[in-house]
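Me: Hi! Could you walk me through some of the helix packing here?

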Amino acid sequence: MIKFKAKFALIFMLIIVLILGACTPQTGVNVTTLTKNPDQTQQPSEEKKPEEDKEIEIPVPQVDYQAIKANENGQVMLLMYHGISNKEDEWVRTPDNFRKDLEVLYQQGYRLITLKDYLDNNIKVEAGYTPVVITFDDGLQNQFNIIEENGEKKIDPDCAVGIMEEFKKKHPDFGQGGTFFVYYSVPFRQKELIKEKYDFLINNGYEIGNHTYTHENLGKESAEGVQKALALNVKYTQEYLPGYDVFALALPYGIAPKDEKFQYAVTGEYEGIKYNNRAILRVGSNPAPAPNHVKYDTTRLPRVRASELNTGGVGMYDYLASFEKHPDKKYISDGNPDTIVIPEEEKENISNDRVGDKQLITYKK
Ligand SMILES: [Zn+2]
């Protein structure tokens, strides 16, 4: 009896091995077809006819929208930073706290995108992840500081750019981005290094935005004053970066030009220099609507304060906690920038103009 059992088990195992053996090459083919890597799809076997290749349909990996809670009409945090320095303050994050912010965002499923990608509704983060935008105001030296070590110039590892670069190396899948809203005369406060820093920024996925010419309070300016403040910023940025598109404005003090002068925050001209702000960012408040949302308004984009101090307002950690509790409120990507996936009930909040050529997919929660 025991012998019979052992024999049976042996035959059974043999069958399993045979099945597995037959399956393995098949699985391999499927995987290589999916990756679309030309090096891998070239099969060594000669009998395969080239016509067959053309007929192979590449299966699109199926994303379970319900499981990942896809919602591409949820809120997006546009984070607002100022200084990165040793003493934590209302407008200052210490280097270690900034590192912690990035780590927490990363661990909680946030992925960095550029402000431009947000405005273009071109959000390319993996399925199940939430986009986040990081912005810095004022062009302080501790945002981008270059130091000399043994006669060699290097990025200060404790400045914002140094910290972000180090983080990117550790977590390449975090994404890249960061918009620096600068004013003049010396953005980042090292006069002889402005050009070098600007080149580094635009070559490494960062953006440079308008924070007026000399940090003017636009609420107090005349129509001409507003246009001068914004056009001169563009003029000087383009002196360092010819042709660079200064596409967004962060309002100094969060104050916009009054009444009919507001139009000059968006577009205007001064002494032949034209500007066009595709986005106007306010000083910290709440997360911004998704680019597909009916409430999306580029002339008043709210930003979230990246701060932990209880200064009467709410900051990034409050929203992180709130999104943990109510994940349906935040933007969750389906992984495909060409489709807009939302739960059915979100449909009434979708702006069809913004969806444009993209495919709108709804699903039952
Ligand atoms: Zn400012």
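Me: Which residues of helix α7 are buried?
Reply: In α7, which spans residues 160-170, the buried ones are A160, V161, G162, I163 and M164. Buried means 20 or more other C-beta atoms within 10 Å of the residue's own, exposed means 12 or fewer, and partly exposed is in between, with C-beta atoms placed from the backbone. Helices are DSSP runs of H or I with at least four residues, strands are E runs of at least two, and both are numbered from the N terminus.

Me: And what do they pack against?
Reply: The buried residues of α7 pack against β1 (77-81), β2 (83-84), α5 (95-107), β5 (130-137) and β7 (152-155). Contact here means C-beta atoms, placed from the backbone, within 7 Å.

Me: Is this predicted, and how's the numbering done?
Reply: It's a predicted model: local features need pLDDT of at least 70, side-chain atom pairs count only at pLDDT 80 or more, and totals for chains, interfaces and linings use all residues. Residues are numbered from 1 along each chain as its sequence is written.

Me: Switching to α8, which residues are buried there?
Reply: Helix α8 (residues 194-203) buries I194, K197, Y198 and L201. Down the axis of α8 they fall within an arc of 100° (taken from the directions from helix axis to C-beta atoms), so they line one face of the helix.

Me: What's on the face turned away?
Reply: That face of α8 carries the exposed residues K195, D199 and N203.

Me: What covers the buried side?
Reply: The cover over the buried residues of α8 includes β8 (179-182), β9 (207-210) and α9 (223-240).

Me: How much of the whole chain is buried?
Reply: Buried residues make up 35% of its 365 residues.

How values were computed: Two residues are in contact if their C-beta atoms, placed from the backbone, lie within 7 Å.
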